[in-house]
Amino acid sequence: MKFSKILSSLMAMNGLVQAHPGEDHTAELALRHEYFKRNAGNLAHCAPKLRSTGVTARSVSRRSATVQGLRKKRGLTTKRGEYQVDSGYTIDTDPTVLFSSNSSCALAPEEVVGPYYVEGERIRSDLVEDQQGIPLALDIQFVDSSTCSPIEGAYIDIWSCNSTGVYGGVVARRNGDGTGDPSNLYNSWLRGVQKTDDDGVVQFSTLFPGHYEGRTIHIHTMAHLNARRLSNGTLFDTVAAYVGQIYFDQDLNNRTNNYWPYTSNTQSVTLNDDDGILQADLKAGGNPYAEYSLLGDSLEDGILAWITFGINVTNSETVTPVATYHPALSTGFGN
């Protein structure tokens, strides 16, 4: 059965929705610039500790095992896959080199979370449900940017739009199909929560996101450090220590747009170079690009992407959801 849902506020929803694609990010970018003046933009200073404590070695083992497990599950018996073009990796790259690399960043929590955050997501790893697209396995690690220690026991939210640029769980004028599909309010696809393990890691099975007007391709992520899991398997918490986004290199973005159902997306494309939030992070020294490996000979075989975020665990930001899954009216999610 579908989760019943209540809107946080129709007025708040309309204001937030109109502010996301194409919104004026001037104030937010100024705040992020001030943050980076006082904080490290990446995790280079943590590399020695991560190596000496065995975190890097375990990352190599975990990512290698994930690739091999996914390839076996999908019956892929040819080459090991391709790797991110800009990194210089090839199919012959030693896994110890490949999977020890991290796109690492310590980004400022966003002052504008956007209108598509839904509170009360289901704690689960497989987010696909009935959606179509290129399979994407995500390996996301969170590290305390001050102590360089993995953050254990945090709940990590992720959400993204589907191949045609629509966010599930939202009915709004600027959300892909606009208000044309009222039943979209009850959709939960491509949304979910996982709890970090001893190495600060969560893994999700999702789809490579599509694009929509005003933003480049991205996946939203949020870290909750003191959240409580409810008995119905959902998470309710409007306080976050980190709100950020994961990006992919432009070559990969371009290639995915040549595959169905991404080819049916009629919304205008924004390139990485033209995305103000991404470019501000890059200029400040952050690196929010995920590194990735293709699992087989084509994108349709799937992708493993990984990234490590360094965050300030003392940060606490109140985030406003566009809608909330109501636990009192629900008995489970439909797939």
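The exercises below, each with a worked solution, go through selected features of this predicted model.

**Exercise 1. The disulfide**

Find how many disulfides the structure holds, state which cysteines are joined, and work out the handedness of the bond.

Solution. A disulfide is a covalent bond between the sulfur atoms of two cysteines. A search of the whole structure turns up one disulfide, and the two partners are Cys46 and Cys148, with an S to S distance of 2.1 Å. That distance meets the cut-off, since sulfur atoms have to lie within 2.5 Å. The next step is the torsion about the S-S bond of Cys46 and Cys148, which is about -75 degrees, so this disulfide is left-handed.

Now place the two ends along the chain: Cys46 sits in the loop between helix 2 (26-38) and helix 3 (47-52), while Cys148 sits in the loop between strand 4 (135-144) and strand 5, so that the pair links distant parts of the chain, 102 residues apart. For the surroundings, take the relative accessibility of each partner: Cys46 is buried because its value is 0%, and Cys148 is buried because its value is 7%, the cut-off being under 20%. A last look at Cys148 concerns its backbone, where phi is near 65 degrees, a positive value in a residue other than glycine.

**Exercise 2. Aromatic pairs**

Classify the ring pair of Tyr167 and Tyr212 and that of Tyr242 and Phe309 by their geometry, and locate each partner.

Solution. A pair of aromatic rings is described by the distance of the centres and the angle of the planes. The structure holds seven aromatic pairs. In one of them, Tyr167 and Tyr212, the centres are 5.5 Å apart and the planes make an angle of 70 degrees, which is edge-to-face, as planes over 60 degrees apart are counted in that class. This pair links distant parts of the chain, with Tyr167 in the loop between strand 5 (155-159) and strand 6 (191-195) and Tyr212 in the loop between strand 7 (201-207) and strand 8 (218-224), 45 residues apart. Tyr167 counts as buried because its relative accessible area is 1%, and Tyr212 counts as buried because its relative accessible area is 3%.

The pair of Tyr242 and Phe309 has a centre-to-centre distance of 5.3 Å and an angle of 40 degrees between the planes, and it is tilted. It too links distant parts of the chain, since Tyr242 belongs to strand 12 (residues 242-247) and Phe309 to strand 14 (residues 303-311), 67 residues apart. Tyr242 and Phe309 are both buried. To finish, return to Tyr167 and Tyr212, which ring pairs join with Tyr116 into a cluster.

**Exercise 3. The largest cavity**

Count the cavities of 30 Å³ or more, then give the volume of the largest cavity and describe its lining by residue class.

Solution. Rolling a probe the size of a water molecule over the atoms shows where empty space is left. The count comes to two cavities of 30 Å³ or more, and the largest cavity has a volume of about 50 Å³. Its lining is made up of His211, Thr216, Ile217, Gln250, Asn253, Asn254, Asn257, Val269 and Thr270. Sorted by class, this lining has two nonpolar and seven polar residues, and no charged ones.

**Exercise 4. Helix 7 and the loop before it**

Describe what lies at each end of helix 7, which of its residues are buried, and which peptide bond is cis in the loop between helix 6 and helix 7.

Solution. Begin at the N-terminal end of helix 7, which is capped by Asp275, a side-chain oxygen of which lies 3.3 Å from the backbone nitrogen of Ile277. Within helix 7 (residues 276-283), the buried residues are Ile277, Leu278, Gln279 and Asp281. Gly285 follows helix 7, and its phi is positive, near 105 degrees.

For the loop, consider the peptide bond from Trp260 to Pro261, which is cis with omega near 5 degrees. Pro261 is found in the loop between helix 6 (250-256) and helix 7.

Methods
Residues are numbered from 1 along each chain as its sequence is written. This is a predicted model: local features need pLDDT of at least 70, side-chain atom pairs count only at pLDDT 80 or more; totals for chains, interfaces and linings use all residues. Side-chain values use heavy atoms; hydrogens and water are left out. On a 1 Å grid over the protein atoms alone, a cavity is a set of points where a 1.4 Å probe fits but cannot get out, and a pocket is an open set with protein on both sides within 12 Å along at least five of seven lines; lining residues have an atom within 4 Å of a point. Grid points are joined across faces, edges and corners, and a volume is the space filled by probe spheres set on the points. Ala, Val, Leu, Ile, Met, Phe, Trp, Tyr, Cys and Pro count as nonpolar, Asp, Glu, Lys and Arg as charged, and the others, Gly among them, as polar. Rings of Phe, Tyr and Trp (its six-membered ring) pair if their centres lie within 6.5 Å; planes under 30 degrees apart count as stacked, over 60 as edge-to-face and the rest as tilted. Helices (H or I, at least four residues) and strands (E, at least two) are DSSP runs, numbered from the N terminus. Buried means under 20% relative accessible area, exposed over 50%, partly exposed in between (1.4 Å probe, protein chains only). A polar contact is a pair of N or O atoms within 3.5 Å; within protein, one must be able to donate a hydrogen and the other to accept it, and residues adjacent in sequence count only if both atoms are side-chain atoms.
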